[in-house]
Amino acid sequence: MLPPPPRQPPPQARPARGAVSLQRPFLRGPLGVLRILQLLAGASFWITIATSKYQGPVHFALFVSVLFWLLTLGLYFLTLLGKHELVPVLGSRWLVVNVAHDLLAAALYGAATGIMIDQTQRHSYCNLKNYPLPCAYHAFLAAAVCGGLCLGLYLLSAFYGCCRRYQGKQEVA
């Protein structure tokens with residue numbers, strides 16, 4: 001003889017406390033796409049600078065680009081994996097942290113882009129057709145364009161975060 005069927009469905013298994021799950025709305029949302037574009041443009045900025053001969057104020061531009069590339073990478077993965085609550089003090093204000101990061105990155109990328117534009121103008125003498133010596137003009141020009149792209153992307157994501165905050169939302173995605 002079989003036991004009677006249960007009257008209630010079995011309880012749902014809760015995920016483990018340390019379980020990692022992808023936040024698909026963030027991945028497919030505007031901020032997730034902007035973060036990927038920021039990472040690509042930032043990597044192209046600092047790789048372009050690092051592969052050329054640079055000196056002086058270009059060190060600051062390289063520092064800014066690598067610093068914000070690493071910070072953006074950290075923000076992206078913490079948000080994607082849903083682990084931003086683990087960040088002490090700042091985890092509960094994650095949207096504000098993202099907006100502050102984006103505004104600071106935009107300001108410093110503006111300075112770095114200005115430096116790269118200045119260096120491009122200083123190296124414009126070697127942009128001649130038959131100039132025989134190696135020149136960093138094209139690398140600096142490409143870095144200035146990438147820096148301007150990074151500046152625009154960070155301003156766009158800061159604007160998006162401000163709009164979400166104005167709408168009363170507390171979450172990034």
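Here is a friendly conversation about helix packing and a pocket in this predicted model.

User: What makes α2 roughly antiparallel to α5?

Analyst: Let's start with the angle. Helix α2 covers residues 30–50 and helix α5 covers residues 137–166, and their axes cross at roughly 160°. Angles over 145 degrees count as roughly antiparallel, so α2 is roughly antiparallel to α5. The two axes also come within 9 Å, and the crossing is left-handed.

User: Which residues of α2 and α5 make the contact?

Analyst: On the α2 side they include Leu31, Leu34, Ala41, Phe45 and Ile49. On the α5 side, Ala139, Cys146, Leu149, Leu153 and Tyr160 are among them. Contact here means heavy atoms within 4.5 Å. By class, the residues of the contact of α2 with α5 divide into 17 nonpolar, 6 polar and 1 charged.

User: Why is α4 called roughly antiparallel to α5?

Analyst: The reasoning follows the angle again. Helix α4, residues 94–122, packs against α5 at an angle of about 160°. The cut-off is over 145 degrees, so α4 counts as roughly antiparallel to α5. Their axes are 8 Å apart, and this crossing is left-handed. The contact of α4 with α5 has 20 nonpolar, 9 polar and 3 charged residues.

User: How do you know that α2 is roughly antiparallel to α3?

Analyst: Helix α3 spans residues 58–80, and α2 packs with α3 at an angle of about 150°, with the axes 9 Å apart. Set that angle against the limit of over 145 degrees, and the conclusion is that α2 is roughly antiparallel to α3. The crossing of α2 and α3 is left-handed. Among the residues making the contact are Ile36, Leu39, Ala43 and Trp46 of α2, together with Val58, Leu62, Trp69 and Tyr76 of α3.

User: What classes do the residues of the contact of α2 with α3 divide into?

Analyst: They divide into 15 nonpolar, 5 polar and 1 charged. Trp and Tyr count as nonpolar, while Gly counts as polar. Gly32 and Gly42 of α2 take part in this contact, so both go into the polar class.

User: How much space lies in the largest pocket?

Analyst: About 230 Å³. The lining has 15 residues, and those nearest the pocket's centre are Lys53, His123, Pro134, Cys135 and Ala136.

User: What makes Lys53 a charged residue of the lining?

Analyst: Lys is in the charged class, along with Asp, Glu and Arg. Lys53 lines the pocket, and by class the lining has 10 nonpolar, 4 polar and 1 charged residues. Pro, Cys and Ala count as nonpolar, so Pro134, Cys135 and Ala136 belong to the nonpolar class.

Notes:
Residues are numbered from 1 along each chain as its sequence is written. This is a predicted model: local features need pLDDT of at least 70, side-chain atom pairs count only at pLDDT 80 or more; totals for chains, interfaces and linings use all residues. Side-chain values use heavy atoms; hydrogens and water are left out. On a 1 Å grid over the protein atoms alone, a cavity is a set of points where a 1.4 Å probe fits but cannot get out, and a pocket is an open set with protein on both sides within 12 Å along at least five of seven lines; lining residues have an atom within 4 Å of a point. Grid points are joined across faces, edges and corners, and a volume is the space filled by probe spheres set on the points. Axes are lines fitted to C-alpha atoms, for helices over the stretch in contact, and angles run from 0 to 180 degrees between N-to-C directions. Helices (H or I, at least four residues) and strands (E, at least two) are DSSP runs, numbered from the N terminus. Angles under 35 degrees count as roughly parallel, over 145 as roughly antiparallel, 65 to 115 as roughly perpendicular and the rest as oblique. A crossing is left-handed if the near helix is turned anticlockwise from the far one by less than a right angle, and right-handed if clockwise.
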